[in-house]
Amino acid sequence: MLMQVRGLSKTFGGLHAVEDVSFDIAEGEITAIIGPNGAGKSTLFNLITGFYRPTAGSVTFKAKDITGHPAHRTAQAGVARTFQTTKLFEHSSIAENVLAGCAAGSRSTLIDAVFRTPRHRREEKASMDKTLELLEFTGILEFKDEIAANVPHEVQKRAAVALALATEPELLLLDEPAAGITEDETARFGQLIRQIVARGVTVGLVEHKMSLIMSLADSILVLDQGRRIAWGTPEEVRSDPRVIEAYLGA
Ligand code: ADP
Ligand code: MG
């Protein structure tokens, strides 16, 4: 297993946002996390990626315990994520945004940068090459010089994915990547997610659009009020009475 989550819990005051959740993320697969608003999906991602510290439970990544590690360490270990609300540098260009993700993994120091050492220039060139490759890969190369705030929502969503991929993660967690985009755009986003897996990156996906989930996911974790109510293949989950009652509604 690439990631094992065991008994993970998070309380905010008296609220059990995530309660005793266990599941695995298998390497090379797409694991979807679904559930109604407020079910604890984003909190689960925040716990896994070190943005929140769990109240109880553990997270293991590549057989190493990463429970409670801060976000930058988790990122260095190979876990990247996007946010439900896209976090781009709004006043920078699309290329500059992705370049910032590349720089996060750079080994040059401030001294290297100030004196423009050969190492720094080499890394700068490599970062630019990687940025262009990722913009091409995510299908937004034509927007590279546009200011992030000015491009269509779909392009912003794709740029957030490119930015996350720039850190060369082994596991990419996408929090509602298709929120607020059209059906056609969503279908194309599904294609992109498949290509990400083909690239060798394992994907965890929080999403509301059931068409996307059912066509993409290898396994699905269903949360309701912070608790796991089902975990299995799309077929298993779809026919689970608790899921139908709590989430699918009919
Ligand atoms: P989802 O992503 O499934 O819609 P969230 O994980 O965002 O749900 O939220 C789960 C619950 O935890 C909600 O009741 C939400 O209000 C609460 N919550 C999330 N983050 C915080 C926080 N930082 N402080 C207090 N309550 C929070
Ligand atoms: Mg959420």
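So, the two domains: their C-alpha centres lie 28 Å apart. The bounds, which come from an automatic or database domain assignment, put residues 1-77 plus 204-250 in domain 1 and 79-168 in domain 2. Where they touch, domain 1 gives eight residues and domain 2 gives five; contact here means C-beta atoms, placed from the backbone, within 7 Å.

Quick housekeeping. This is a predicted model, where local features need pLDDT of at least 70, side-chain atom pairs count only at pLDDT 80 or more, and totals for chains, interfaces and linings use all residues. Residues are numbered from 1 along each chain as its sequence is written, while chains are lettered from A and ligands numbered from 1 in the order in which they are written.

Okay, the sheet. Six strands make an open, mixed sheet, ordered E6-E7-E8-E3-E9-E10. Strands are DSSP runs of E with at least two residues, helices are runs of H or I with at least four, and both are numbered from the N terminus. Pairing takes at least two DSSP bridges. At the edges sit E6 (79-81) and E10 (227-232), each paired on one side only. E3 (30-34) and E8 (202-206) run parallel over four bridges, and Thr31 has Gly204 as its bridge partner in E8.

Last stop, helix H3, residues 94-103. Seven of its 10 residues are buried, so H3 is largely enclosed by the rest of the structure. Buried means 20 or more other C-beta atoms, placed from the backbone, within 10 Å of the residue's own. Among those buried are Ile94, Val98 and Leu99. And what do the buried residues of H3 pack against? Helix H5 (118-137) and helix H6 (153-165).

Methods: Buried ≥ 20, exposed ≤ 12 C-beta atoms within 10 Å, placed from the backbone. Contact = placed C-beta atoms within 7 Å.
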